[in-house]
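Reader: I am new to this structure. Please pick one part and walk me through it closely, then show me what lies around it.

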Amino acid sequence: MSSDAKTGDAMTPSDPPLLELRGISKRFAGVQALDDVSFELYPGEVHMLLGENGAGKSTLMKVLCGAHKADAGEFFHQGRPVAISGAADAQRLGIAVIFQEFTLVPYLSVAQNIFLRREPKGRLPGAVDHARMRQQARGIMDQLGMALHPDTLVATLGVAQQQMVEIAKALSQDARILVLDEPTAALSDNETEKLFRMIDMLKQQGVAMVYISHRMAEVFSMGDRITVLRDGKKVGFRMPGETEPDELVSLMVGRKVDMSYAREYCGAPGELALRMQGVTALSGIHDIHLEVRAGEIVGLAGLVGSGRTEVARAVFGADPIVSGSIEIFGQRQSGGPAHARRLGAALIPESRKTQGLALMRSVGDNLVLASLPRLFPSGWFSPVKAAREARELIQRMRIATPGPQQRVQVLSGGNQQKVVIGKWLSAESKLFIFDEPTRGIDVGAKAEIFALIDSLVKKGAAVLMISSELAEIVNVCDRTYVMREGRVAGHLTRSEMNEEAILTLGMHHA
């Protein structure tokens, strides 16, 4: 531990920063991603970095870890000027980033992943001292309170455990500066508590952390200081005890955002859009009965692993069922996703990057992908017509992109989510299944997506919404089904819905 580090408490501004960035700027293809941003980080602190998707958070972190080279600006490490021109420079300074998309090798062990390309050498040339590698891995995991065997394959681990392995990997490189990008996005409440205990432990050891989050509760419970970015610029610095969520949201989006989830609930739903009767699938769901009608938003709640996503995949034909029946607008769903689309169903999946988008294709290609049969019934493709449809959707969805030709991979998370939704609007779908629609996106984009969902049901669409955010379920949905261990544990009407009732049904001991 650095001699400058305080034990247990974050450093105060009177102490020298562990790392300081001054006047950092970065430009991409005519877009100013960072504009004169300054940022300080002290040993033993959790510095919250906030901003809408596209505000510059990820670019700043990529500059910090050497993935991008800054066009202008200076770096100081413990008061001394340093250069960060690549990943090797960042690693020498003890900087490590834990991105949302992990960099682990699934079919290597925990120990092999921790020491990948840095394996302890054996006695013979080219040999690896596996015993020493296991011992060193075990020591790091013990330091973090991880009850894992070093030989466990990473492919067998859950998301939370994989995240812990990423942190162990960073600490094995003597990382003193750790960047955590939305670390709780895919974690259950219990897993989140474990992560928070680990963060407290790292603070005690003087590790400095940059914590990117869109969850205000985390910002105020974990943060020592808060920096806000908007449109590539630093627009605010606050101490948690001297601000409130509404002020931070206003700084982030530059306007007042309604965070009340206000909507007119459905009093008289319309035709039956989805009926599942006794559905069982090899994916782990059993005897599922549920209905969704036009004009209503129906929640599907439950703990992580309870079977919510498996229900969505079964409806959409991504996972075959072994018994029971699924009807979409009165017609039997007996095929795959293409058949579900023809019946009017749309799936906005939990993982937009791996399941919802063709990342190497353009925004325009992605937007028209689901509507090709409608736009070109003869089978002859017209680039002009496709581009016109894409431009109309970009404007309607307020997608921040230079145009349809932009590769979708470079968009922010919130704008990527809008593209996924937009392609189903183009297909004129009437049953929308949203699986974690606001995961990893900022409060401004959340408000826009909820407004869009509300507009869909007002126009007669039906929505089945999966969310781990109980406040979203309680405040947005007209009624809710609660899953537990692959089965529907209960159904709650509008008047019965509250967070306690959902948790009671969803808990394994209920």
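Author: Start with helix H5 (residues 159-172). Its buried residues are Ala-160, Gln-162, Gln-163, Met-164, Val-165, Glu-166, Ile-167, Ala-168, Lys-169, Ala-170, Leu-171 and Ser-172. That makes twelve of its 14 residues, so the helix is mostly covered. Buried means under 20% relative accessible area, exposed means over 50%, and partly exposed lies in between (1.4 Å probe, protein chains only). Helices (H or I, at least four residues) and strands (E, at least two) are DSSP runs, numbered from the N terminus.

A word on the source: this is a predicted model, in which local features need pLDDT of at least 70 and side-chain atom pairs count only at pLDDT 80 or more, while totals for chains, interfaces and linings use all residues. Residues are numbered from 1 along each chain as its sequence is written, and side-chain values use heavy atoms, with hydrogens and water left out.

Now the length of H5. At 1.5 Å a residue, its 14 residues should span 20 Å, and the end C-alpha atoms are 20 Å apart, which agrees. The expected span is 1.5 Å times one less than the number of residues. After H5 comes Asp-174, with a positive phi near 60°.

What covers H5? The cover of its buried residues includes E6, helix H3 (110-114), helix H4 (130-143), E7 and helix H6 (189-204). Contact here means heavy atoms within 4.5 Å.

Two of those neighbours, E6 and E7, lead to a sheet. The sheet is open, has six strands and mixed pairing, and runs in the order E6-E7-E8-E3-E9-E10. Two strands pair if DSSP finds at least two bridges between them. Strand E6 (95-98) and strand E10 (233-238) stand at the edges; each has a single partner strand, so one side of each lacks a neighbour in the sheet. On average, neighbouring strands are turned by 20° against each other, direction ignored. Axes are lines fitted to C-alpha atoms, for helices over the stretch in contact, and angles run from 0 to 180 degrees between N-to-C directions.

Inside the sheet, strand E3 (residues 46-50) and strand E9 (residues 225-230) run parallel, joined by four bridges. Leu-50 faces Val-228 in E9. Helix H1 (residues 57-64) packs on this sheet. H1 touches E3, E6, strand E7 (177-181), strand E8 (208-212) and E9, and its direction makes about 135° with that of E3. Helix H8 (residues 245-253) also packs on the sheet. H8 touches E3, E9 and E10, at about 30° to the direction of E9.

Just past E7, the loop to H6 holds Glu-182. Glu-182 is not a glycine, yet its phi is positive, about 50°. Glu-182 is buried, with a relative accessible area of 6%.

Last, the cores. A nonpolar core is a set of buried Ala, Val, Leu, Ile, Met, Phe, Trp, Tyr and Cys residues joined through side-chain atoms within 4.5 Å. The largest has 73 residues, and those with the most contacts inside it are Leu-274, Met-276, Leu-290, Phe-432, Phe-434 and Met-465. Helix H16 (residues 443-458) gives this core its largest share, seven residues. Apart from it lies another core, of 49 residues. Among them are Met-133, Ile-167, Phe-196 and Val-228. Ile-167 brings us back to H5, where it is one of the buried residues.
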